[in-house]
Structure formats: C-alpha cells, structure tokens
Amino acid sequence: MTVLVTYATHSGATLTLAETIAETLTAAGVATEVVDVNEGPDPSRYDAVVLGTGVRIDAAEKPATNWAKTHREQLSSRPMALFTCSGSAADPAKGGRQKAADAFVEMLGFSPVAVKNFPGWVIMDKIPVHERLLLKSMRTPTGDFRDLDAVRDWAQELAPLLRKD
C-alpha cells in the first residue's frame, strides 16, 4: 500500500504538516510519497490520498482546489483524507471548525475518511506584503501555532482508515 500525501502551501507551514503526517504513516508501516500539488501528482498511482491545503482568508489554496476538481473521480474511488492548515485554526472560538474545509468537502461531493483542521503559523516575513497589511489591520495574532504532536496523533488514527478493505 502506498499513500500520496500531497499539499498546497503558501508560506510553508502546510508542507511541514504533510511531512509530519508522512513520517508518522511511514513509522506505522504505510509507504508514503510527499508531493506538492503543483507537481500534478496522479492519484490513480496510489492506494490512498491525504490532501493538505493552506487556508488564506477563509479559502483553500487554489492549486489544491483545482487539483481536487481535476482528480475528483480518482479521489472518490479510494480512501482520501483532508487536512487544512491556517493561523485561524488556533482560534478557540472556532471550535475546530474551518469554513474552508467545509466548503472544500462540499466541492468534492463526497466525504473523505477524515477531515482535520490544524493551526499553522502567521509569520509576517513569510507572507506577501499586501496580505501583511490586511492581517495587521485585522490585528491577527502572529506566531507559530503548529502542534506537531496533534498532527502525529491524527496521522496515527488515519493509518487504518486509509487501508482499503
């Protein structure tokens, strides 16, 4: 069994989560390949897929959305999990919910075996200037909010869900 762990990232935080998921799955005996969606990986070459996307201004990264739309049929025919990564996921008022993840699942037209929203980072020097101004005007908290232990825990829970019966 081989799992594709593919991701779309803007500032790099989603890549770190994808790598952590792949490392955890590999340690659980699941072969993985980590590939940026911009490289156009073919999901039909894999037994299962984990797709991660950064979230900016309540929207998934366009490359992730476009890739998922292009490969919707292949994704729906194998176990597929989705995770998001955003600074806003650290907000306790959201209760773990993410509008972008909900909209993404609706766009897919099928339910992934698992969906998880993880906090990322808001590090101003990794964000384009025009977005920095918006984030500053919104008084967005800055920092690294990633919880890699939570990512590892989810990946361990994910391993059996990705195995096709």
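1. A good place to start is helix α6 (residues 148-162), where R152 and D149 sit three residues apart and are thus separated by about one helical turn. In this predicted model, their side chains meet in a salt bridge, with 2.9 Å from N to O. R152 counts as partly exposed at 32% relative accessibility, while D149 counts as exposed at 51%, because the cut-off for exposed is over 50%.

2. The count of salt bridges comes to two. Besides the R152 and D149 contact, there is one between the side chains of R146 and D144, at 2.6 Å from N to O. R146 is partly exposed, with a relative accessible area of 24%, and D144 is partly exposed as well, at 41%.

3. Now to the rings, where the structure holds three aromatic pairs. One of them joins F83 and F118: the ring centres are 6.3 Å apart and the planes stand at 65°, so the pair is edge-to-face. This pair links distant parts of the chain, with F83 in strand β5 (residues 80-86) and F118 in strand β6 (residues 114-119), 35 residues apart. Both F83 and F118 are buried.

4. F118 also forms an edge-to-face pair with W154, at 5.7 Å centre to centre and 75° between the planes. Because F118 lies in strand β6 and W154 in helix α6, the pair ties together parts that are 36 residues apart in sequence. W154 is buried, as is F118.

5. Which residues make up the aromatic cluster? F83, F118 and W154 form one cluster together.

Terms used:
Residues are numbered from 1 along each chain as its sequence is written. This is a predicted model: local features need pLDDT of at least 70, side-chain atom pairs count only at pLDDT 80 or more; totals for chains, interfaces and linings use all residues. Side-chain values use heavy atoms; hydrogens and water are left out. A salt bridge is a side-chain nitrogen of Lys or Arg within 4 Å of a carboxyl oxygen of Asp or Glu. Buried means under 20% relative accessible area, exposed over 50%, partly exposed in between (1.4 Å probe, protein chains only). Helices (H or I, at least four residues) and strands (E, at least two) are DSSP runs, numbered from the N terminus. Rings of Phe, Tyr and Trp (its six-membered ring) pair if their centres lie within 6.5 Å; planes under 30 degrees apart count as stacked, over 60 as edge-to-face and the rest as tilted.
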